[in-house]
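Welcome! Have a look at the sequence and the model below, and then we can walk through the cysteines and the inner space together.

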Amino acid sequence: MCGIVGYIGDKEKKEVILSGLKELEYRGYDSAGMAVMSDGKIDFFKAVGKLENLALKTKDFTSEGFGVAIGHTRWATHGKPTEINAHPHLGEHSFVVHNGIIENYKELKEELEAKGVSFLSQTDTEVIVHLFEENLKAIGEPFKAYEATVARLHGAYATLLITKTAPGKIFFAKDAAPLAIGKSEGKEVFFASSDAPLIGLAKEGCYLDDKSYGFVSIDEIAVFKDAKKISPSFAALPADKSYAQKEGYRFFMEKEIYEQSAVVSETLMGRVKEDAVGLENLTDEYLRNIDDIVICACGTSYHAALTSSYLFEGLADTRAKVEIASEFRYRRPKLNKNA
């Protein structure tokens with residue numbers, strides 16, 4: 001579960017990226033990197049292992065004044081945890097970071113290699129930056145080229161791209177992987193995989209919908225979906241980020257285990273009324289018409305789902321089965337109409 005951070009503004013961009021990635025360490029990673037663009041120049045750094053290694057590599061680098069930056073912590077899926085495979089990935093004049101999996105990357109890679117494009121890494125992510133630059137050659141306008149690039153991607157992705165051909169902008173796209181935009185009262189815009197890196201820096205946050213994409217500059221946040229411009233919905237960010245910190249526990253998983261009783265109580269609050277449970281937007285008639293319950297989950301959630309399937313069958317007298325989510329999405333399951 002990789003982490004993404006992005007920034008546009010006047011602060012020391014190296015520090016914004018490093019501190020943001022630090023807040024995302026709980027997601028797990030094996031390498032990290034960043035790219036900073038200012039004055040038409042892009043500097044990039046990558047390191048294997050902990051963020052301290054990336055900080056050490058950038059200790060003599062400064063990026064004062066206005067600019068844009070993107071950062072990433074990688075959990076290897078395609079290719080070994082090496083500096084070459086670490087993000088950001090580069091083209092001739094552009095850099096990209098990406099969470100998720102591009103499922104049609106092999107087809108895209110073969111198509112690009114047939115045009116003479118050379119690849120450095122073993123990753124699926126690298127196809128994004130090369131496809132963008134090939135589209136730019138044909139289309140000539142950076143955002144239109146990025147839009148055409150996103151339209152070719154199949155799979156799960158949250159991605160940020162910067163390019164010398166559009167200084168001062170960050171292009172973004174999101175589908176089935178988390179990505180949020182934050183803005184402050186000043187001339188600053190932030191990106192992150194969760195709100196933890198945004199709290200304390202941004203006043204408001206917007207959690208992007210699946211299949212949304214667009215670009216951000218210091219003066220504009222443009223979000224599109226289905227080729228139509230939409231209005232992003234920003235809300236005030238919480239002031240306390242303690243929920244995203246370990247608070248004395250050794251691991252986040254340990255913290256989450258001990259938090260379960262409080263979380264369940266808060267979830268049920270206002271929904272348990274005397275001898276009934278009221279779930280908003282789920283009417284009694286709708287619930288009575290359910291014939292089967294199919295639960296999709298992975299890992300620990302799968303085992304929790306097995307337990308819940310016993311409860312659904314025993315208490316609700318309704319057939320229930322559990323599927324491994326990562327396999328279920330590739331099947332053509334036979335589901336009843338009222339499942």
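## Cysteines

Cys-296 has its closest cysteine sulfur in Cys-298, 8.7 Å away, which is too far for a bond. A disulfide needs two cysteine sulfur atoms within 2.5 Å, so the pair does not qualify at 8.7 Å. Please keep in mind that this is a predicted model. Across the structure, the number of disulfides is zero.

How do two of the cysteines sit with respect to the surface? Cys-296 has a relative accessible area of 37%, so this residue counts as partly exposed. Cys-206, by contrast, is buried, because its relative accessibility is 4%.

## The cavity

Now let's turn to the inside of the protein. How many cavities of 30 Å³ or more are there? The count is one, and the volume of the largest cavity is about 40 Å³.

## What lines the cavity

Which parts of the chain surround this space? Strand S1 (3–9), helix H1 (13–23) and strand S10 (189–192) each give at least two residues to the lining. S10 has the largest share, with three residues.

The lining residues include Val-5 and Gly-6, then Val-16 and Gly-20. Further along the sequence, Phe-190, Phe-191 and Ala-192 take part, together with Pro-197, Leu-198 and Leu-201. Sorted by class, eight of the lining residues are nonpolar and two are polar, while none is charged. Gly counts as polar here, so Gly-6 and Gly-20 of the lining fall in that class.

Note on methods
Residues numbered from 1 in each chain as written. Predicted model: local features only at pLDDT ≥ 70, side-chain atom pairs only at ≥ 80, totals over all residues. Heavy atoms only, no water. 1 Å grid on protein atoms, 1.4 Å probe; cavity = no way out; pocket = protein on both sides within 12 Å on 5 of 7 lines; lining within 4 Å. Points joined across faces, edges and corners; volume = space filled by probe spheres on them. Helix = DSSP H or I, 4+ residues; strand = E, 2+ residues; numbered from the N terminus. Buried < 20%, exposed > 50% of the residue type's maximum accessible area, 1.4 Å probe, protein only.
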